[in-house]
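Hi,

Here is the structure I promised to pass on. Have a look at it first, and my notes follow underneath.

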Amino acid sequence: MGVITLLTDFGHRDSYVGVMKGVIAGISPASQVVDLTHEIQPQAISAARFNLLMSYGYFPANTIHVVVVDPGVGTGRAAIAARITTAVGVQTVIVPDNGILTGFPVLRAVALTNSEYWRTSQLSHTFHGRDLFASVAAHLANGVALDELGTPLVVSSLVRLEVGDAIATAQGYRGSIQYIDHFGNLITNIPAELLADQAWQMDLGGHTVPYVKTYGDQAAGAVLALIGSHGYGEIAVNGGSAAQVFKAKIGDPVAIRWT
């Protein structure tokens, strides 16, 4: 028993999330289930990765994270459980092997091949969240050992996404938008530690955006750049959506220039 988090692209219109919780409750009723988010854009693997990467460190040791953003469901892609190390202890992520674990400190991993811990040996071709991931998470919460779940994997063999790093230039740094949140804030891949004790501005699509400390330092409707709560440089609009203003998308290039 313990904490199980759920992160999916299922939304809340349909019963998919509720059904996953029902499977968990039937196997491990004492577990605490936390919804990280179910509003990931459909099939947006990189967005799922970012949200989990920004969240897992706030949970205690032995937390089990279930991530179901799975455009390859029903294909030959592996379903895995991976142990990751955190500042407070080891946690487990149950996830399709499609790159979501890129950048995580993975200690070891197994493919979920032991059908004893599936909800049914006849898996749905379209809903492994119900038949596989939720069931395995609940059994883990009940104390089943990781090695009992299936076949050990070589950690270096796990699928990796191409995640670009910020690149130093003579004027500052070059980077890209790695995530766009609900408010339309454009979160870059340029970490705060590269920007400390410097005066800077950010360039996006031919526009120069001034740096401020917080949203209210600019007038309503004005664009601004700041260090966001995720610890990266970002572009925002006070009271509005930078994504709409700039017609921006994930992967668009940005640049930091010292001033």
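One thing to keep in mind is that this is a predicted model. I would start at strand S3, which pairs with strand S5 (residues 89-96) in the parallel sense, over 3 bridges. Within that pairing, His65 has Val93 of S5 as its bridge partner. S3 also pairs with S1, again in the parallel sense, this time over 5 bridges. There, His65 is the bridge partner of Thr5.

How much of S3 is covered? Of its 5 residues, 5 are buried. Ile64, Val66 and Val68 point one way from the strand, while His65 and Val67 point the other way. That fits a general pattern: in a regular strand, side chains alternate between the two faces of the sheet.

Val66 is a good residue to click on next. Apart from its neighbours within four places in sequence, Val66 is in contact with Ile4, Thr5, Leu6, Leu7, Met20, Ile94, Phe133 and Ala137. Val66 also belongs to the largest nonpolar core, which has 29 residues; together with Ile94, Leu112 and Leu149, it touches the most other members. Two or more residues of this core come from each of strand S1 (3-8), helix H1 (16-27), strand S3 (64-68), strand S4 (79-86) and helix H3 (128-141). Helix H3 gives the largest share, 8 residues.

There is also a second, separate core of 26 residues, with Ala44, Leu52, Val69 and Ile187 among them.

Happy browsing, and best wishes

Methods
Residues numbered from 1 in each chain as written. Predicted model: local features only at pLDDT ≥ 70, side-chain atom pairs only at ≥ 80, totals over all residues. Heavy atoms only, no water. Core = buried A, V, L, I, M, F, W, Y, C linked by side-chain atoms within 4.5 Å. Buried < 20%, exposed > 50% of the residue type's maximum accessible area, 1.4 Å probe, protein only. Helix = DSSP H or I, 4+ residues; strand = E, 2+ residues; numbered from the N terminus. Contact = heavy atoms within 4.5 Å. Pairing = 2+ DSSP bridges.
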